[in-house]
There are 2 protein chains.
Amino acid sequence: MNVVVGQSGGPTSVINASLAGVFVGAKQAGAKKIYGMQNGIQGFLQEKFIRLDEVLTEEKVELLKRTPACYLGSCRYKLKPAEKDGSDYQKIFAILAKYQIDCFLYIGGNDSMDTVAKLSAYGKKIGSPVRFVGVPKTIDNDLMITDHTPGYGSAAKFVATAMKELVCDSTIYDLYSVTIVEIMGRNAGWLTAASALAKDEDCEGVDMICLPETPFTLDEFIGRVAALLKEKKSLVIAVSEGVKLPDGRYVCELASEASEDVFGHKNLTGTASFLASVCAKELKTKTRAIELSTLQRCAAHIASLTDVNEAFEVGRYALNAAVSGQSCVAGVLIRDNDSPYICRAGVAPVDEIANFEKTVPLGWIDRENWSLREQFLVYARPLIMGELAHTYENGLPKHISK
Amino acid sequence: MNVVVGQSGGPTSVINASLAGVFVGAKQAGAKKIYGMQNGIQGFLQEKFIRLDEVLTEEKVELLKRTPACYLGSCRYKLKPAEKDGSDYQKIFAILAKYQIDCFLYIGGNDSMDTVAKLSAYGKKIGSPVRFVGVPKTIDNDLMITDHTPGYGSAAKFVATAMKELVCDSTIYDLYSVTIVEIMGRNAGWLTAASALAKDEDCEGVDMICLPETPFTLDEFIGRVAALLKEKKSLVIAVSEGVKLPDGRYVCELASEASEDVFGHKNLTGTASFLASVCAKELKTKTRAIELSTLQRCAAHIASLTDVNEAFEVGRYALNAAVSGQSCVAGVLIRDNDSPYICRAGVAPVDEIANFEKTVPLGWIDRENWSLREQFLVYARPLIMGELAHTYENGLPKHISK
């Protein structure tokens, strides 16, 4: 049995833990050759493979779990519908046959699950024996079916840790000030909602949380900030990059023209700085805009142990599903209990996961107080628990070498 | 003997470790009352004190060392020269007498050392027995006399860790791209230089480092980027917020009008996004601008143990200097050896530390290759060594409660 595995889309802190899970699963299942495709399906089409079974020692697997982003490289390559242009599909199945691949594992987000669905469908049509299984990942936590996505817990832990530290930082002066922190999330506010986790006995938490799920007018926003400033001097506000106006436009569209990426997603930027400038103008108060930026998806040094372990398990489970003959499915996480937290890996039809966005349930959002309800905290808290012991070399977390 | 201690200026991850050092030193020296001034000299003038000896237990001292920013609150209050307006001075010395203070410890940066110098001079003039001692802190590492400043090591460790993770993140696509990361530092490039520490066996490191010490033209910058893009596809570039043009202007002044804070410092912003937009326009390449922003000074979760311990020791040494009768001095760090790294606390005249900026020696900068020489690495590497064990509660680093 031979396996090929690839990574695609934007990175997370634990996408390599899923790769480690696939690899270890494949070894345990007795795979002969385990190929890693470099730069996802794009590298696959050029037969750019590395033999993972030849390079990954046990020690390297441990470092892999601690290394952010994609060890194998990534791509943003969208397969055209087979009925419109079958050339990529013919090439892919020829390569699969050439290398005698039995299981094709693809780690990625919505767009990558779409690739798995298309290849499965094409394979079924031509009677190919190859199994195609997806391994979901995204910091956005916006995939259907799965309780949550590998990658979310670590991003949420980074966000909550950073917010806790930023609350410390922002409240030291006896002055009126508004700090607005921009957090990733186009249409789903899961990651921004994680800022609610900062509140604890030792932290007063953030003062307002603004999600794409609950649009607001600038007047509503300013009104709430002004009201809070009557109660306390220093405010910290968490905003999703994708917060929206009631008319459906992104708030940041008021500031700048938005461009689109190859998947038709709008590139959002400057939401926090726009809202900060509005506060400065309307309320004559000191403001600061902070973007947590790329570290949200790569701060592996503060990864959640729960997330790392789950990412690994979903990868291993997906591999075993493929070995046992399943195809057109993707790994999912199934929560059996909140407290104590019990969660296990499984699979679900990839079509049901791909191309839909799961947003924060409106019932979990306290719109009036611009905050999250207890249901969200019960859901999210277990996902950030635990820390992975890192090896530090020369004062820095050690990663896997290429 | 009674002690008062305050914090002032912008925070660092370890300014509370210095407070812990002053407090523990004062306890050990047999101080009766240990006052903390809330919001620095501004709160002092309003007699806003908390009795640290009554609130800080041993466990709380440990949490204090792990909590970023200023436990006592901070201020940006500049004393006017006494000869121009003596009212603040009269009030301060009246309060010192009222509370029978013997030692006045002030933790802060350049401007705070200026406050210590002014109070010492005034006290000497009026024959006050109170000793005034400064405890330096700044992530900028730009103070004179001291080998390095408490706060720099932790900020440098965060920057180097983040750069290592961002290099992982930025190099996953088989595409031409330029990632520009903006790092704090107006006129001294110490913190940006710390990005050089990311390079190791497991990390190719950043491709260009741009410091305020070595001005450049936009043509030189673009020329270097273009040359590097001929050798590799994904570049990561570290730039100080304060990088300058040969005519002395800040690069970001080309993008936007700069405003000034109360100390006459220019507010810098948007250096990375400006340089990214120039790259996008001139080289037609995908670019991304990232600001590491406020986390540089408050990411206590990845603080350097060396820095925490040194901040504590400088605080304790400064307290003991005050107890033993010294005034108008500030704590410093004296390095006896690079490898093995041997460093101890001491004091130096506060006037020699205040109001000067120490920049990166030009001989340590490889201007031609836009990188740092071995001398810098030998200097900086010991400062980021070691990690402080944090207590995690509900998945997040625990801080001291107010």
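User: Which residues touch the most other members of the largest nonpolar core?
Analyst: This is a predicted model, in which local features need pLDDT of at least 70, side-chain atom pairs count only at pLDDT 80 or more, and totals for chains, interfaces and linings use all residues. Residues are numbered from 1 along each chain as its sequence is written, while chains are lettered from A and ligands numbered from 1 in the order in which they are written. A nonpolar core is a set of buried Ala, Val, Leu, Ile, Met, Phe, Trp, Tyr and Cys residues joined through C-beta atoms within 7 Å, and buried means that 20 or more other C-beta atoms, placed from the backbone, lie within 10 Å of the residue's own (exposed: 12 or fewer; partly exposed: in between). The largest such core has 271 residues, and those that touch the most other members are Leu105(A), Ala318(A), Leu105(B) and Ala318(B).

User: With which residues is Leu105(A) in contact, leaving aside its neighbours within four places in sequence?
Analyst: Two residues are in contact if their C-beta atoms, placed from the backbone, lie within 7 Å. For Leu105(A), with those neighbours left aside, the list is Val3(A), Val5(A), Val22(A), Val133(A), Val135(A), Ala318(A), Leu319(A) and Ala322(A).

User: Is strand β4 of chain A enclosed or open?
Analyst: Helices (H or I, at least four residues) and strands (E, at least two) are DSSP runs, numbered from the N terminus. Cys103(A), Leu105(A) and Ile107(A) point one way from β4(A), Phe104(A), Tyr106(A) and Gly108(A) point the other way, and all are buried. Because six of the six residues of β4(A), residues 103-108, are buried, the strand is largely enclosed by the rest of the structure.

User: How many bridges join β4(A) to β5(A)?
Analyst: Two strands pair if DSSP finds at least two bridges between them. On one pairing, β1(A) (residues 2-7) runs parallel to β4(A) over five bridges, with Gly6(A) opposite Tyr106(A). In the pairing with β5(A) (residues 131-136), Gly108(A) stands opposite Pro136(A). These two strands, β4(A) and β5(A), also run parallel, and the number of bridges is six.

User: Where is Ser154(A), and how many other C-beta atoms lie within 10 Å?
Analyst: Ser154(A) belongs to helix α7 of chain A. Leaving aside neighbours within four places in sequence, its contacts are Thr12(A), Ser13(A), Val14(A), Ala303(A), Ser304(A) and Asp307(A). Its C-alpha atom is 8.0 Å from that of Ala299(A), 145 residues apart along the chain. Ser154(A) is buried, and the number of other C-beta atoms within 10 Å is 31.

User: Which element gives the most to the side of chain A that touches chain B?
Analyst: In this pair of chains, 53 residues of chain A are in contact with 53 residues of chain B. At least two residues each come from α7 (152-170), β11 (286-291), α11 (295-298), β16 (392-393) and β17 (396-397) of chain A. With nine residues, the element that gives the most is α7(A).

User: What relation superposes chain A on chain B?
Analyst: Copies are superposed by least squares on the C-alpha atoms of residues with pLDDT of at least 70 in both. The rotation is 180 degrees, with 0.0 Å of shift along its axis and an RMSD of 0.0 Å. Therefore the relation is that of a two-fold axis.
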